[in-house]
Amino acid sequence: MAKESFNWKSLFINDETNNAEGTAATQSTAPVLPATESKFPNHATESFPTNSLTNPFLNEIFEVYDKGFESLNESGFDFFELYKSVIAVGVTNPQSYQMAFTMGKSIKSDLTKEFLLQKGSFYIAEIEKVYAKYDTIGKTKKADLDNTITKEKYNLSKSISDLEAKIIELQKELDTKKIELQKIDPVNMEQLSEIQLKMEANNLAKQKILTSINTVITGINQYL
């Protein structure tokens with residue numbers, strides 16, 4: 001049985017230990033085949049929409065899948081070794097399959113087509129299981145972030161609405177105060193005028209009485 005070697009935390013979680021784990025996981029005791037690139041073939045990207053190729057994470061995720069696929073490989077010759085050999089020669093070339101199968105038979109004498117298909121199904125099933133796991137993680141994280149964004153937007157929108165309501169109330173209060181200010185002079189003008197006239201009358205009355213008194217004092221000094 002293949003170990004749980006698809007440790008794909010790097011899909012959503014930064015983990016510095018991933019590289020070390022990936023390196024250890026990809027070490028295989030399988031026989032050495034002709035030098036090939038273990039990565040997915042270039043034609044695998046041809047089925048993706050053009051806009052997907054602009055995804056900055058696409059190559060990184062391809063690499064994660066590639067390493068995960070390779071980490072599932074067990075000792076001996078099975079679908080994985082045939083896969084790498086066929087990819088190297090050409091997936092549409094019938095001879096590549098015959099050549100890889102012949103090579104496999106020389107390593108594993110009881111190798112059969114049924115065994116290869118069974119192992120191919122195993123790899124697919126393992127990849128699908130891990131995909132489903134991290135697809136769920138991704139959807140959960142996205143849903144959590146969507147909820148957080150929604151709450152933040154709601155709270156900010158409510159705060160803005162409250163502030164706008166306060167501004168309207170303050171503007172109303174400001175307008176009221178301005179009107180009251182404009183009314184102060186007209187309302188108090190009559191009282192101011194009355195006070196001013198009374199002050200003037202007070203001055204005149206004082207002057208008149210004092211003048212009268214001083215006149216009498218002068219007469220006393222002069223005639224007595």
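Start by selecting Tyr-65, Phe-69, Leu-72, Phe-80, Tyr-83, Phe-122, Tyr-123 and Ile-127, the 8 residues of the largest nonpolar core, where a nonpolar core is a set of buried Ala, Val, Leu, Ile, Met, Phe, Trp, Tyr and Cys residues joined through side-chain atoms within 4.5 Å, and buried means under 20% relative accessible area, exposed over 50% and partly exposed in between, with a 1.4 Å probe and protein chains only. Colouring by helix shows that helix 2 (58-71), helix 3 (79-89) and helix 5 (113-223) each supply at least two residues of this core, with the largest share, 3 residues, coming from helix 5; helices here are DSSP runs of H or I with at least four residues, strands are runs of E with at least two, and both are numbered from the N terminus. The model is a predicted one, in which local features need pLDDT of at least 70 and side-chain atom pairs count only at pLDDT 80 or more, while totals for chains, interfaces and linings use all residues. Residues are numbered from 1 along each chain as its sequence is written, and side-chain values use heavy atoms, with hydrogens and water left out.

Next, centre the view on Phe-80, which touches Phe-69, Glu-70, Asn-73 and Tyr-123 when residues up to four places away in sequence are not counted, a contact being heavy atoms within 4.5 Å. Apart from the core just shown lies another core, of 6 residues, including Leu-82, Val-86, Leu-111 and Leu-116.

Now turn to the rings, among which a search of the whole structure finds 7 aromatic pairs; rings of Phe, Tyr and Trp (its six-membered ring) pair if their centres lie within 6.5 Å, with planes under 30 degrees apart counted as stacked, over 60 as edge-to-face and the rest as tilted. Select Phe-69 and Phe-80: their ring centres are 5.1 Å apart and their planes stand at 70°, so the pair is edge-to-face. This pair links distant parts of the chain, with Phe-69 in helix 2 and Phe-80 in helix 3, 11 residues apart, and both Phe-69 and Phe-80 are buried. Add Tyr-83, which forms an edge-to-face pair with Phe-69 at 5.1 Å centre to centre and 85° between the planes. Because Phe-69 lies in helix 2 and Tyr-83 in helix 3, the pair ties together parts that are 14 residues apart in sequence. Widen the selection to Phe-69, Phe-79, Phe-80, Tyr-83, Phe-122 and Tyr-123, which ring pairs link into a cluster.

Two lysines come next: Lys-108 lies over the face of Phe-115, at 4.9 Å from the ring centre, and Lys-119 lies over the face of Phe-122, at 4.6 Å from the ring centre, where a charge sits over a ring if NZ of Lys or CZ of Arg is within 6 Å of the ring centre and within 35 degrees of the ring normal.

Finally, at helix 3 and helix 4, display Leu-82, Ser-85, Val-86 and Val-89 of helix 3, which meet Ser-96, Tyr-97, Met-99, Ala-100 and Phe-101 of helix 4. Zooming out, the protein chain has 5 helices and 0 strands, and 21% of its 224 residues count as buried.
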